[in-house]
Each structure stands twice: as structure tokens, then as C-alpha cells.
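Colleague: Could you take a close look at how two neighbouring helices pack in this one, and then show me how that part sits in the rest of the model?

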Amino acid sequence: MKDWRYWLAEERGTLLAFGIFIVMFAIYSANHPAGFTANVVQTAANKGVLLAFVAMAQTLVVITAGIDLSVGMIFTLTNCMASWLVVGTGLETVFGVLAVLGTGLICGAVNGAIVIYGRLQPIVATIATGAVFFGLALLLRPVPGGSVNEDLADFLTGRFFGVVPASLLALLVIVLIVWVPFSRSELGRAAYAAGSSETAAYMSGVPIRRGKFLAYTLAGLLAAIGGLFLTFFTYTGEAAYASGNAYTLFSIAAVVLGGVSLFGGKGSAIGAIFGALAFRTIGDLLFVFDFDPLWQPLFQGVILLIAVSLGAFALFRVRNRLEWFL
Amino acid sequence: MSETTLGGIMGGIAGRMPKFIRRADPAVLTAFACIIILLLLGSLYSRSFLSPEYLLQQLKVASFLGVIATGMMLVILLGQIDLSVPWSVAAGAMMACAAAAYGPVGVALAIPFGVLCGVAIGIVNGIGVAYLRIPSMIITLATNAVAQGLMVVYTGGFSPQDSATAAMRYLATGFTIPGVPNAVIIWALIGAAMVFALTRTSFGRAVYGIGNRERAAYLSGIDTRRIVMIAFAVSGGLSAFGGVLLAGYASKAAQSMGDAYLLPSIAAVVLGGTSILGGRGSYLGTVAGVILITLLQSILSVMQMPEAGRQIIYGVVIVAMLLLYGRAPASR
């Protein structure tokens, strides 16, 4: 096979997610009362970027054939934390941002340590740590409130040169400094290998434990970046259980739409980002078509159900029935 | 490492104990030991902790979780998980209350209708897992979202105004046998039925078989897909029945009333020694897990711990206990 064919096979999920997003966004902006303007793009970008960060976080863990059901709670916790710390003078704000990101790293590292070195199942372990993170968030913000450095917030949620949404650029920067180095590093490849076949990776002497640990830790960091941006958009911190859970759920939907295999070892964060943007756009389609907002949860649920069922088409290619049981 | 030392200590102690204890699962013994420790700690804090009224009250509260955890256990024994519990519970409660608004026929059919809604959610889960081979964690999250969406559309986003029927209230709060709450009797009946199904029927053997290795179960002639489907339907039905009881207890249904039951039901099953990978576990362990979780919650609320502290302690305790005896074998 030629090189480009390998590339196509590898990136098929990402390209598909990109295609879905373009089509959905075209429908969305064509039917939006204001049309395709910088304002519409900026609003859509700001909403989409939040989910994109959380979806990136989920991708890192899913690649290792794990799952992180606490990403939404890390997102909520860091939101509450940022509403206390990211205030005041320039220097204070910088320290606040660093503290928030550090918290995310610690949360992710705790998850990683429990799952990898404690050898617990990721599902149960991250549901439990999620409860702890939510408890901490509630401790910080029993009632919604707080504030944020508004100059920084407005800068990062505004537009560059009047057209390019700053949040999209921030997303691009994060992809370049977190995802690209990770996926090209030895430990990043180890994370992929561990997700693909842990036994084979172990036998080949791949550092699977360190790779998986790094993936969980960076997932915490990315969720924290999402939490930081949530604070920039809302100017407040809120320990909302339902919203944290919804972000966890949507992150899984975005990952699936983005072509990342839930069995691990396949897919990329870029795909998950487009999956997240597509998922958000689909959810917002209801508004431009003047549906009752009450229908939105049902609509998003049905999309999620359809998205996860699409994987079942692979069953038609199965020749031997025993391959049903992995 | 802690497994082996713990097992060694347990084995040493168990050698000098009656046969029925020696044969028991160390995880179940640990869970019961933790219950006794919790009771002792509680009695240090407040005298009334060991009074029969208080313990019976705890058992009544535990029975709601017990009913839900029974279904969860069946699914976990298969090596799957059911994350659609929150809105199966809420849907069961809301639909039962909704049916009650449609005259005498509705009142009579309220409970079966609520349970049937849960079974329907469970069947969708079952089809997804058994026939479409979607990972259970994912498909149950998706059906949970769909059930939530349906309920939000139905209720308009508020808590529904319909109230529970007299029968639902009687089941949850009444007394048929003096001194023993009905909810406890229901849990005992459901538990007995589950023990019978798991240990005395071919269905139960098939569940353990699939949990150990689905391929092997399939090759030995078990219709594994049908069994998985039935297990999910039962789990959905029991979650909804738990919701019906909860609605009877509070005399009405509420939005997100099921959220507080997802983690506890999984934790109860896993703390009771059932392997999260499937194929291993006993109902006695689940009973111990349910009582353990309920006591823990109760002690935290008696100590007037705020919600934040409760969540933290709760998560820490579950992780700590799992690290004690729920670890997977080291990869070699």
C-alpha cells in the first residue's frame, strides 16, 4: 500500500468527524438568523471549545483502553478553584492559573495512580474519585459565586483581528503544546500500545505503566484548562453536579463521534475536538430551528445513542461468530 | 501484595473458626467486619446508634438501595455495568406517579407500569450490549441520557405534580408484620428470588459462566445473548421498582432523584466482593455492601457532615476499601 493509504486508514475517523462538523456547521450558520458572521462563529467557538478540552482529556484516557468518568468533576472543581484564584494583579493571576492547572494535573495523577498502581477498574475508580473532586468543588463553592480577572477573560474569549475567535486559537496552542508532543513521544506511543494490546506491549518492553500514567495526568490537565475557560466565559464558579456529569457524558459522545475507539489504541485528540464541535453544533441546531429547548436533552441523548450504535456496523464484517466475544 | 497478606491473616484466623465462616469469601467477611466497626464507631458517637428502632430504620433505608443493587449485581456478574440507573430510577418513579393520574385503572396499574418503563430501558441496553456488541458502559450512558431527555420533555423540567398512589406508599412505608417495615420485606423477597435464580437455576449458572468467559459459555450451548438481554431487562426493572418505592417513601417523584443511587449501587456490589470483571460474587456480599454503604451515609449525616464532606469521605472510603481487596491481579 502507498503511504497516503495508510494515512487515510489511520485518520479516517478524524476526517469523518471533520466532515460531520463542516456539514452541521454549514446547516447551522445557514439557518441562523444572523447568518455566518464573526459574532455567530465566536459564540459557537466559545461553547464548543469547552467541550473540546474535556473531550481531548477523555481521548487521552480512552486511547489507553480506560475511561475517565471524573473529567466532568475535574472540570467543575477547577472552575470553582479558578473563581477564587484567577483574580487580582497580573502576577497573582498568573499564579492562580498555574495553581488551577497544577490542581488538574494532581487530580489526573491521582486517577492514574489508583488505576495503574492500585490496579482498580477505571470505571469504579474514577466514579469514586469524581465524587471526591465534586466534594472538593462543593467545599470551595457551596453557593455559586466568585469572580475572575476580567481583562484576561475578555482577551481569551474575544476575537483576534476582529474575526478569529481567541478561544479557537487557545485550543490550537494547547493542541500544539500538549497533544502533538504527547502523541509523538515514546510514552505517548506506549499509551497507544497499551490500549491496543496491553499484553503484547508488556512483552515488548514498552513502558506501559508510565505511558498510561502520563495519559491520565495530562487528561487532568486538559480538563483543568476546560474548567479555566468555563470560568472565563461565566465569570463565576459553580459546583453543579448535573453540569459536571453532562460534560463527562458529552465528552464520551464527542470521543465516539471523533472516531476514537472505545476499546483503545485507535484515534486522535484532533478527531475528538471535531467530534466535540460537531456534537455542540448538533445540539444548537434545535435553537436555529425554533424547537422548544425542553427537547434538547432528548435530542442530544438520541444523537449519542445513534453515534454509539454506528460502531455496530462492524459486526457485519465478522465472519466467525466467536469474534463477537472479545 | 496487600491481598496476599490479608488473605494470609484471614486464612490464619479462619482456621480456628466454624466451617461456614471458613468457606466464606474473605471480601464478604471484611465487609461484615467493617459494618461492625462502623456500628461501634457510631455507638461511641451516640448511644441511640445500637437501638433496635434505629437499626430497623437503617434497614428500611437500605432496602431501597438493596433493590437497585440487586439488579446492578446481576449485570456486574456478567462483567458488564449499568450506568442507566439514575434515570431508570427516576423514570420508574415518574411514570408510576403519572399513571396514577389516570383514574382508578391508572392507580391499579401504576406500579407495574413504572416497572415496565424500567424494563423497557433495560431491554434497549440489553439489545445494545448483547446483539449490537456496544460496550455496556457506553450504551447505558446513552440510554440514561435518552431516558433523561424523555422525562424532561414529559415533566417540562420541573418536578412532576402527580403524587404516589396509596399502594406505593404502603409498600414503602407501611407495616404488614408489626415492627418490620414493608420495604425490608420486599428487599428480602427480591433478594431470596435472586439467590434462588443465581444458585438453583440454569439462568444463574449461565450468568456466572458468561461472566467468566462468554466465548466458553457460548460454545457450551448457552444462548449468551438472550441471557445478557434478560439480565439488563431485570436490572432496569429493579431500578425502576426502586424508584417506585422511593416515590412511595417521599410520596412523589422528583427530578434527578436517581442520581444518588448510581455510585452507591456499584459500590455496594463491588464492596461486597463481586468482581467488577464478572463471574465471581455472592448475594450475601451485596447485602453486606448495601448495609455498609447505608450505615456510612447514616453516620456521616448523624455527624451533620455537610454534603461536600460526605462526598469526599464517601469517595475516599470506596477507593480505600477497593484497594484493600478489589484489586486486579498484577499483569505478568
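Modeller: Sure. Two residues count as in contact here if their C-beta atoms, placed from the backbone, lie within 7 Å. Keep in mind too that this is a predicted model.

With that cut-off, let's go to helix H11 (residues 241-257) and helix H12 (residues 269-288) of chain A, whose axes come within 7 Å and cross at roughly 115°. The crossing of H11(A) past H12(A) is right-handed. On the H11(A) side, the residues that meet the partner are A:Phe250, A:Ala253, A:Ala254, A:Val255 and A:Leu257. Facing them from H12(A) are A:Ala272, A:Gly275, A:Ala276, A:Ala278 and A:Phe279. Sort the residues of this contact by type and you get 9 nonpolar, 1 polar and no charged. The polar one is A:Gly275, since Gly is put with the polar residues in this scheme.

Just ahead of this pair, the loop between H10 and H11 of chain A holds A:Tyr235. Its phi is worth a glance: A:Tyr235 has a positive value of about 65° although it is not a glycine. Most residues other than glycine have a negative phi. As for its surroundings, A:Tyr235 counts as partly exposed because it has 14 C-beta neighbours inside 10 Å, and a residue needs 20 or more to be buried. A:Arg119 is another non-glycine residue with a positive phi, near 55°. You'll find A:Arg119 in the loop between helix H4 (90-117) and helix H5 (122-140) of chain A. A:Arg119 has 17 other C-beta atoms within 10 Å, so it is partly exposed as well.

Now zoom out to the whole chain. Chain A has 13 helices and 2 strands, and its C-alpha trace spans about 60 × 45 × 35 Å along the principal axes. A compact globule of 326 residues would have a radius of gyration near 20 Å, and chain A has 20 Å, so the two agree. Of those 326 residues, 52% count as buried. If you take the contacts in chain A with a separation of 6 or more, 76% of them are between residues 24 or more positions apart.

The largest nonpolar core has 217 residues, and the members that touch the most others are A:Met56, A:Ile273, B:Ala93 and B:Ala96. Helix H10 (residues 208-234) of chain A gives the most to this core, with 16 residues. For a feel of one of those members, look at B:Ala96: leaving aside neighbours within four places in sequence, B:Ala96 is in contact with B:Ala110, B:Ile111, B:Phe113, B:Gly114, B:Met168, B:Val244 and B:Ala247.

That brings us to where the two chains meet. The contact takes 44 residues from chain A and 47 residues from chain B. On the chain B side, the elements that give two or more residues are helix H7 (136-155), helix H11 (214-219), helix H13 (262-271) and helix H15 (307-325). H7(B) gives the most, with 13 residues. By type, this side of chain B divides into 29 nonpolar, 12 polar and 6 charged.

One last stop in chain B: B:Pro26 belongs to helix H3 (residues 26-45). B:Pro26 and B:Tyr325 are 299 residues apart in sequence, yet 8.7 Å apart in space, C-alpha to C-alpha. B:Pro26 has 18 C-beta neighbours inside 10 Å and therefore counts as partly exposed.

Key:
Residues are numbered from 1 along each chain as its sequence is written. Chains are lettered from A and ligands numbered from 1 in the order in which they are written. This is a predicted model: local features need pLDDT of at least 70, side-chain atom pairs count only at pLDDT 80 or more; totals for chains, interfaces and linings use all residues. Helices (H or I, at least four residues) and strands (E, at least two) are DSSP runs, numbered from the N terminus. A nonpolar core is a set of buried Ala, Val, Leu, Ile, Met, Phe, Trp, Tyr and Cys residues joined through C-beta atoms within 7 Å. A residue is buried if 20 or more other C-beta atoms lie within 10 Å of its own, exposed if 12 or fewer, and partly exposed in between; C-beta atoms are placed from the backbone. The radius of gyration is taken over C-alpha atoms; the globule rule is 2.2 Å times the number of residues to the power 0.38. Axes are lines fitted to C-alpha atoms, for helices over the stretch in contact, and angles run from 0 to 180 degrees between N-to-C directions. A crossing is left-handed if the near helix is turned anticlockwise from the far one by less than a right angle, and right-handed if clockwise.
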